[in-house]
Amino acid sequence: MDRLSKTFEDSNGIEQYVMLVRLIRRHVGRQWVYTNARYGETDGDKQIYYFSMEFLIGKLLDNYLTSLGIRDIVREGLAQLKVDLDDILNVEVDAGLGNGGLGRLAACFLDSMAFLGIPGHGNGIRYRFGLFRQKIVDGQQVELPDNWLQHGYPWEVRKPEKSVVVRFNGSIKWNTDGPRLTFEHVNYDAVLAVPYDVPIVGYGRDDRINTLRLWSAEPVGDEFDFASFNRGDYAKAVHSRSETEAISYVLYPNDDNRSGQELRLKQEYFLVAAGVGAIVARYKKKRGGLWDMNEGVAIHINDTHPALCAAELMRILVDEEGVGWDRAWTVTVNTISFTNHTVMPEALECWPEDMFKHLLPRIHMIIAEIDRRHRMQLESLSATERQIEDTVIIKDGLLRMVNLAVIGSHTVNGVAFLHSELLKKDLLRGFYANFPYKFKNVTNGVSHRRFLLCANRGLSGLISEALGDGWIANPSELEGLERFEGDSAFLARLGEVKRENKRRLAKYISDMNCISVSPDAVFDVHVKRIHGYKRQLLNVFKIMELYNIVREGPNADIPPSVFVFAGKAAPGYHFAKLIIRLILAVAERVNADPLARDVLSVVFLENFNVSIGEMIYPATDISEQISIAGKEASGTGNMKQMMNGAITLGTLDGANLEIRDAVGEDNMALFGLKIEQVMSFYHKGGYSAWDEYHGDYRVKRLTDQMIDGFFKDAGRDFRDIYDSLLRDNDEYFVLKDFSSYMDAFGKLQELYGNRDEWLRMSLRNIKRSWAFSSDETIKKYDAEIWNK
């Protein structure tokens, strides 16, 4: 503890955590340096750079102790010092680098690339205050800063010598250099992108340590206005510094206004310019020129946020390296690949052209030229006018990032079979009609080492006892669990593991929410970002209907059930915040009613993150995956809960279809409209929420309870929910799917009563979950996209 100038005995938990992390970082440090020096030295060593606005890495300490095979040794050593490893693990905070599935997927991919020995590097932003820390106050979500860096982040290494200057605003000066036209960016505002590197340790792979590079925005020079400070104008003295640093303050700043939009665009270009600039500098140092860069480098953009990679790489090749446009474009397109994650309009970024042109003048010029040449290419292919208008980048005063991402990539993939088909048939149909060779499907996956091995040590221990530990490296070995489906003793132990996980979650619920729940109840779990299409409202209506049944007949045959919700609503998304308010109002009423106390419990766990998820997933009996068909690109919570033995209650949306194909419909409960029906209603009409409202007395009662005083203290809070269902014709078909949803839930309630059969279903889900390991996903990316 000499670096802290105190003895170990005098140190506190945070200091002990910091020193343990430093020891581990030192342990892997030499190999980390060697790995970085070795990468790129041979022609076959292609570097993969994964660009994402989010990397939801959670806590690293327990995962890395396990990956390095030193967890037990460290525990024993600390015990000799009278320190419990669990106490140190609890000190670590989740890194505030993401929000939901997009960021967690990126983190799982880094884990699998490190394990598989793929030279994979993450590129993201070091957000000072993360997304936000969710606090429930007076029954509503309140957003507070997520000050995760309060005590520093001992995993990171600051690398100021590798900083990159990023340029905003200014103007472009045209120069004629002989027969060649050149461009110079002048009078710009400079921002320094400073990298912080985090080691990525793969399971059993301390011979190769990959890197997550996080960029922080800092002033280039002395941004402190001393004269203003001396005049007493303290705000002006630090204004420029604050404006610069704000770029890396918060993930997804509210973009309801022009300033917020500009800040988001600044963030995205900041990430792209810093990351691409560093890649080019490294490649030139290792290989010399950039003419064959696509042979040694693959840049993968995770959704549309880093779509500017194509334009920025073109700027560097053309403006700074003097490469001709045609050759530069060949290198660029053959370097970049793109994963689309959504068909939701609000996630398909479009930037006002006037704002874009002012903020990024040279990038705007390059995109305009890309767009012009794209039009010419489509005309040469005899594309229809509709296809041209659907696929151009600049239209109606907006720059459409998804179109830039497709045009600038050699491969475009969706993240589940259904999602990929929707891209080809609907969202990107104009591209697919003319460039079908670009399109692939790569279904998402999750790290089984993170979410099964580490998060559910009881279950992973049981599996290793039965099969050996080969499944940790080769998850397909989980298929060996099939021989235990008829083993009553094994199933009983599986049930004991589940009950212990539920007991652990019940204690957390009691500690955090002061609600007592029984581990013998059914744990029905719905944890994900709060959004209309994810249909938390449908789940709430189910709970309200069960409560109505209990009130009508206290002896109703309803198995004791605990309904667990968690998730954040975007600060500017009023409807999602109302849904949280409704969940909490239902919880308040149900949990306080003596008639329901032994039957129904409703819990909302605030500030959902990776660590809370790692506690919830192993305790889940029923996994709620109930988005309206066609809206959820894939989902990964469904995979994490399946992996831990939960039974999916879901629609035929996203990866639920592939889960069905893996385990069979008998081992899950499906309901609701199919994609063909949903698309028909959206495109042709014919759906009437009023007909559903009047056609089912349960639906009418539930809808009316939004406004009839059922929630006494809510006033008119839920009028907007009522209006969204009836006045706005129920955009996400909550009323339409209610009856089939209740039937599917009833099927699971009945099955839960047959304990052995339920456990067999659980085991079959665990057995087939190997297909959704991120190892399998990354193998496909590596073979079919990055190294094709």
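1. Glu-545 counts as buried, at 3% relative accessibility, and in this predicted model the residue takes part in a salt bridge with Arg-701, where the closest N and O atoms are 3.2 Å apart. Arg-701, for its part, is partly exposed at 22% relative accessibility. The pair joins distant parts of the chain, since Glu-545 belongs to helix H23 (residues 536-552) and Arg-701 to helix H30 (residues 697-704), with their positions 156 residues apart in the numbering.

2. Helix H30 also holds a salt bridge of its own, in which the side chains of Asp-704 and Lys-700 meet at 3.0 Å, N to O. These two residues lie 4 residues apart, about one turn of the helix. Asp-704 is buried, with a relative accessible area of 17%, a value to be read against the cut-off of under 20%, whereas Lys-700 is partly exposed at 34%.

3. A further pair that links distant parts of the chain is Asp-354 with Arg-258, whose closest N and O atoms are 3.2 Å apart in a salt bridge. Here Asp-354 sits in helix H13 (residues 353-359) and Arg-258 in helix H9 (residues 258-287), 96 residues apart. Asp-354 counts as exposed at 51% relative accessibility, just as the cut-off of over 50% requires, while Arg-258 is partly exposed with a relative accessible area of 41%.

4. Over the whole structure, the search finds 55 salt bridges, and some charged residues are joined in a network, namely Glu-485, Glu-757, Arg-760, Arg-764 and Lys-767. As general background to these points, side chains of opposite charge can pair when their charged atoms come close.

5. Turning to the strands, the model contains an open sheet of 6 strands, ordered E20-E19-E18-E21-E22-E23 and paired in parallel. Strand E20 (600-605) and strand E23 (669-670) stand at the edges, and because each has a single partner strand, one side of each is left without a neighbour in the sheet.

6. Helix H22 (residues 488-513) packs on this sheet, where the helix touches E18, strand E19 (561-566) and E20, and the direction of H22 makes about 70° with that of E20. Within the sheet, strand E18 (residues 522-527) pairs with strand E21 (residues 622-625) in the parallel sense over 2 bridges. At the level of residues, Asp-524 has Ile-622 of E21 as its bridge partner.

Technical notes. Residues numbered from 1 in each chain as written. Predicted model: local features only at pLDDT ≥ 70, side-chain atom pairs only at ≥ 80, totals over all residues. Heavy atoms only, no water. Pairing = 2+ DSSP bridges. Contact = heavy atoms within 4.5 Å. Axes fitted to C-alpha atoms, helices over the stretch in contact; angles between N-to-C directions. Salt bridge = Lys/Arg side-chain N within 4 Å of Asp/Glu carboxyl O. Buried < 20%, exposed > 50% of the residue type's maximum accessible area, 1.4 Å probe, protein only.
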